[in-house]
Amino acid sequence: MSVNTEYLHSVLGRTGMPVCRLGLSASYRPGVATIHRAVDEGINYFFAYGFDTNMVKGLRERMQTGRESIVLATGAYNYIFSHSNLRRTAEKRLRQFRTDYIDVLMFLGVMKPKEFPTRVLDTMLKLKEEGKAKAIGVSTHNRKFAGELAQTGVLDVLMVRYNAAHRGAETDIFPHVGVGKPGIVSYTATRWTRLLRRPKGWPEGEPLPTPGMTYRFALNHPSVNVVLTAPRNLAQFEENLAEVRKGPLNEEEMAFMRRFGDVVHNRKEWFM
């Protein structure tokens, strides 16, 4: 097995699901053709919101004949000030994607432990028991809470922020995952493009990271099973995939990414 093959494939933690380590989000509407190209190129982890019409259409078409090759991650939103109906939303997603089950049912946007009450977990477990979900998970920016969830093992997947400017997961979350623990999906690899722009204090003669370098930075950590890319069009997707296929960043490149990430982080701009 080549280095790049090992680098590009993983098992999503305790779910046992084989995944390509570059996953796709269609939040920026990259076109249905991008969804089809991703499947053709071996991408199999797809994260979708309910409003991602490109993803819904593209995956519905591909799942007609290749459902088992798709790992669909979708779910319900935490509205913070109101209570979402997780069961109703999950069943709506099943209808939207015309599938009998969701591979990874997510409760999205948990900011504090109290926003993930027992009733939500119980509903997720019941949907899993019914076969409507194969695995369950949450997305959260709260690293301490994510670390606690990883230790308790109540969830199958954790979707967390990790990039060169925000590396706290290396101490707060990743030490608590491993065999029998939740799979890790990382997002905001480009820090909402801040890691692609020249920050104040970065010398004019110094290079900037490419988008592919931000994804490879996240993938260099063995605890990360999947990093999400959210291209705006097919060309961006192809560029990101080509860069990720180069394999791991070397030590010099990792040091560069950390140094650049520190400058971006020290700008102390608001960021979720």
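Which residue lies over the face of Y28, and at what distance from the ring centre? Select Y28 and R232 together: R232 is the residue over that face, at 4.2 Å from the centre of the ring. The model on display is a predicted one, and the stops below lead from its barrel outward to the helices and back.

**The barrel**

Begin with the strands. Select β3, β4, β5, β6, β7, β8, β9 and β10, which in that order make up a closed barrel of 8 strands with parallel pairing. Within this sheet, neighbouring strands are turned against each other by 30° on average, direction ignored. To see where the barrel closes, display residues 22-25, strand β3, together with residues 226-229, strand β10. These two strands pair in the parallel sense over 3 bridges. Label G23 and then L228, its bridge partner in β10.

Next, add helix α3, residues 53-66. This helix packs on the sheet and touches β3, β4 (45-48) and β5 (71-77). The direction of α3 makes about 140° with that of β4.

**Strand β6 and its two partners**

Move now to residues 102-110, strand β6, where 8 of the 9 residues are buried. On one side, β6 is joined to β5 by 5 bridges, and the two strands run parallel. Select Y77 to find the residue standing opposite L108 of β6. The other partner to display is strand β7, residues 133-140, which pairs with β6 in the parallel sense over 6 bridges. Here F107 stands opposite V138 in β7.

Keep Y77 on display and add F47, Y49 and F51. Together these four residues form one aromatic cluster.

**Helix α2 and its surroundings**

Select residues 32-40, helix α2. Which residues of this helix are buried? They are V32, T34, I35, H36, A38 and V39. The buried residues of α2 pack against strands β3 and β4 and against helices α3 and α9 (234-244). Just after α2, stop at G42, which takes a positive phi of about 100°.

**Q96 in helix α4**

Colour residues 86-97, helix α4, and pick out Q96 within it. Is Q96 buried or exposed? Its relative accessibility is 18%, so Q96 counts as buried, the limit being under 20%. Apart from neighbours within four places in sequence, Q96 is in contact with G50, V56 and R60.

**Helix α8 and residue Y215**

Go next to residues 211-219, helix α8, which lies across β9 (183-187) and β10. Helix α8 runs at about 160° to β10. Inside α8, select Y215. This residue is buried, with a relative accessible area of 6%. With residues up to four places away in sequence set aside, Y215 touches A189, T190, V227, L228, T229, A230, N240 and V244. L228 will be recognised from the first stop as the bridge partner of G23. Add T188 as well: its C-alpha atom is separated from that of Y215 by 9.3 Å, while the two residues are 27 apart along the chain.

**Where α8 meets α10**

Display α10 beside α8. The two helices pack at an angle of about 105°, with their axes 11 Å apart. They are therefore roughly perpendicular to each other. To view the meeting surface, select M213, T214, R216 and F217 in α8, then E253, M254, F256, M257 and R258 in α10.

**Aromatic rings and a last charge**

A search of the whole structure finds 9 aromatic pairs. For one of them, select W202 and F260: the ring centres are 4.8 Å apart and the planes stand at 80°, so the pair is edge-to-face. W202 belongs to the loop between β9 and α8, and F260 to helix α10 (residues 251-265), so the pair ties together parts that are 58 residues apart in sequence. W202 is buried, with a relative accessible area of 5%. F260 is buried too, with a relative accessible area of 0%.

The tour ends with Y7 and R21. Centre the view on the ring of Y7, and R21 appears over its face, at 5.5 Å from the ring centre.

Conventions:
Residues numbered from 1 in each chain as written. Predicted model: local features only at pLDDT ≥ 70, side-chain atom pairs only at ≥ 80, totals over all residues. Heavy atoms only, no water. Pairing = 2+ DSSP bridges. Helix = DSSP H or I, 4+ residues; strand = E, 2+ residues; numbered from the N terminus. Axes fitted to C-alpha atoms, helices over the stretch in contact; angles between N-to-C directions. Contact = heavy atoms within 4.5 Å. Phe/Tyr/Trp six-rings, centres within 6.5 Å; stacked < 30°, edge-to-face > 60°. Buried < 20%, exposed > 50% of the residue type's maximum accessible area, 1.4 Å probe, protein only. Lys NZ or Arg CZ within 6 Å of the ring centre and 35° of its normal. Parallel < 35°, antiparallel > 145°, perpendicular 65-115°, else oblique.
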